[in-house]
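Got the viewer open? Let's take a short tour, one selection at a time.

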Amino acid sequence: MSLDALIQTLQLEPQFRGGICHWQRIPAQPRYTPWPAGLDARLPLVMQARGIHLPYTHQAQAIDAALAHQNVVVVTPTASGKTLCYNLPVLHELLNDPDARALYLFPTKALAQDQRVELTSLLDGLQASVQAATYDGDTPRGHRKRIREGAQLLLSNPDMLHTGILPHHTQWAAFFQGLRTVVIDEMHTYRGVFGSHMANVLRRLRRICRFYGSDPNFILTSATIANPAAHARRLIEAPVELVDDNGAPRGEKHFLFYNPPLINPELGLRRSGLLEAQRLGSELLSQGVQSIFFARSRLRTEVLLGYLRDATRNRGGDAAAIRGYRGGYLPAERREIEAGLRSGAVRGVVSTNALELGIDIGQLEAAVLVGFPGSIASAWQQAGRAGRRQKAALAVLIAGPGALDQYLMQHPDYFFARTPENALINPDNLVILTQHLRCAAFELPFRQGELFGRVAFTEALLQMLAEEGELQQAGDRWYWMQSAYPAQEISLRTAAPDPVVIMAQSAAGDEAVRIIGELEREAAPILLYEGAVYLHEGATYVVKTLDWDSGHAYVQATEVDYYTEALSDTEIEVLEIQQQEQEGELLKGYGEVEVRSQATGYRRVKRWTHETLGYGEIDLPESVLQTGAYWLAVEETLVGRLRELGLWQSDANDYGPNWPQQRNRARVRDGNRCTQCGRPESPHRQHDVHHIRPFRSFGHVPGQNEAYLAANQLANLRTLCRTCHQRIERGVRLRSGLAGLAYVLEHLAPLHLMCDPSDLGSYADAQAAHTHLPTILLYDRVPAGIGLAERLYELQPVLLRAAYQMVQNCACERGCPACVGPLPIGAEALEWDTKELTRALLAELVRSL
């Protein structure tokens, strides 16, 4: 069945149509213009021989600006021909100046390899002697000297520039002397930690260029974001010319918003998005529609891959034609999958956002987004992977149960009519800046008074490094004094440079092992703990051992019908208040915080039914993160009004004067062991003591009654380890209005920040130590922060109004994953209405703005 016929079938299918919240049809449009007059005449001729007779309007505008030696940023959608915007002006320069050099930087090696194929074809058509080469971690060492000495056009990535080129710039002297143009492709990916590192790498690049007497122009390309010119200026710290009027043709695209059916309207519970994706995907694949599926995490990618392969196998199809694609796969696997997509041998691929970028993967017809990817820009990028060659295409966003996804289902115009998000970076993040200052000092001595970027306290940092023995001042220069090679210690992608290598053992458990992948260290506690099911290309492995110190995880292939999800515990302490002010009956602020997190246990989840089969413990070190956080505190006058109306249940529990004694008696009675799993107390942390009937339900009011005596009877107390306590609390916790508000804000905030939802964490404290008030904190999950806290501080009125609208319009009765969070299970949870508490709190907060 053709895609057009399948789309008509979907329109008529009652079950599918019932879940459609919005159906957007995007028509085609081409706009062409003559070739720029100043362009070398050989280039239009070779393009015409390739079937491109005229450029799109944005291509001509970008080429004109680049030929005028301006810094250019090109911002147009996926598959709009951005490659031509830099290839033609760069080749014009190289054809007319044999000493000229150019550097192409791509965020991934795969993109560089993909563009190398395109560039080779173009150079073959020109029959020019321009020497182009790829230089990355996969380049054979025997070829590197020849590339350093002869390449005129170098294709690389930020990581290789950071560790393999800039520290060895003396071997690249001729290249840096002649460097005329630097191309930065997929600029929108350089946000957050990666973008902040990239800006510092570019500071080091420009510093070395000045040393060799060159001053290259920059050409940057990007998917659509709200602040392309400002983001480009922040990255390269120079003025830019913006080109954003897209003239590329496009085929008709159908973009559908689909909400899985409700299975429990009262609780707002919906059918799993993974199961809906499997149902839609099976239909697409069975009709021969080559499709890509984007999942929000590595785990969900592997689970969906397994579901689609099972369904394909059950109908007699070739399950091997459905592949997975994510970080952690080895390079050869990824190249094989990309080639299979281009040739058509791979009929479907399930990916994380790793395939969001512009790698050529052929003529895909459908893109299924399983959950909103976190930003409007990313969603358009993922949807744009289908119909890339001017043909009709289908894109379907299958909503998850969370507030962010459900908000978009209710407000599709927010997505289709709104400008995408801002890309945020913080190159002057003190941790990141200091790391690159060390690298820059290794590369070239610093002169007295020389600034690194826009930081006025460069000299103070140099002095600090000198006191630590890494630098030495001699005259007006600062010299690197260590034998260490600082760039090797710094990862541009993560906070931790050393990954965990995943080693597969044979079933016999002998010493024969093979490497099947690697994982950044900060993800290991939630994916590679002992007992975890690790999924790789649809195969299941059980983690037998995680050697944290050496960075090795040993796994064994095992057939199991479940997967695992980690549980974690978090505590926050405010270290420094950087800004704080009163806004009506709210106290808002931001500053530096310390977040202490620990993976404490995991649950086993049955495939297909998603029921919980059991729990296990995780014994790994606690992680400590110093970062930025925004907070909102509720003044006592507002709390008092809600308390009088019976609409405030967020006060911290006062367990009464006999609590310490009763708590210790319960622990001794239970032998200092968890009564659920039998785990003994560790020397470093006492077990928790849990009220079987919730303390709050006894109605204790300090100074007015002694209800605490009944609540704290030993018969109502049991000792639990942190893991079991956390699990039981998830089942019977009385979610307060404060916790409900924290849930809404955490899930809505990523719409207003160009960040992944996982970049932001939330914490509700009934009486925070730094405000002495009920407080919600939203914190940046990046060391030292990248500016999310400051932006949230500015956006507070917008966020609160959007949160109120979200809760007010949700159709559930008492709370659900789409508004204030899932309702706890058990009769105790129904003692008050979490949704009503949250709505009342938000109404007062919005009124006070």
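First, some vocabulary: angles under 35 degrees count as roughly parallel, over 145 as roughly antiparallel, 65 to 115 as roughly perpendicular and the rest as oblique. This is a predicted model, where local features need pLDDT of at least 70, side-chain atom pairs count only at pLDDT 80 or more, and totals for chains, interfaces and linings use all residues. Numbering starts from 1 along each chain as its sequence is written, and side-chain values use heavy atoms, with hydrogens and water left out.

Select helix H25 (residues 737-752) and helix H26 (residues 788-809): they pack at about 120°, axes 9 Å apart. H25 and H26 are therefore oblique to each other. Light up Val744, Leu745, Leu748, Ala749 and His752 on H25, which are in contact with H26 residues including Leu792, Leu795 and Met806 (contact means heavy atoms within 4.5 Å). By class, this contact has 13 nonpolar, one polar and no charged residues.

Next, go to helix H1 (residues 3-12), whose buried residues are Leu3, Leu6, Ile7 and Leu10 (buried is under 20% relative accessible area, exposed over 50%, partly exposed in between, with a 1.4 Å probe and protein chains only). They cover an arc of only 105° around the axis, which puts them on the same side of H1. Turn to the face away from that buried side and you'll find the exposed Gln8 and Leu12. Among the partners of H1's buried residues are helix H2 (14-18) and strand S1 (20-26).

Last stop: Thr181, in strand S6 (residues 179-184). Buried or exposed? At 10% relative accessibility, Thr181 counts as buried. Leaving aside neighbours within four places in sequence, Thr181 is in contact with Val90, Arg101, Ala102, Leu103, Pro216, Asn217 and Ile219.

Notes. Axes fitted to C-alpha atoms, helices over the stretch in contact; angles between N-to-C directions. Helix = DSSP H or I, 4+ residues; strand = E, 2+ residues; numbered from the N terminus. Nonpolar A, V, L, I, M, F, W, Y, C, P; charged D, E, K, R; others polar. Arc of directions from axis to C-beta.
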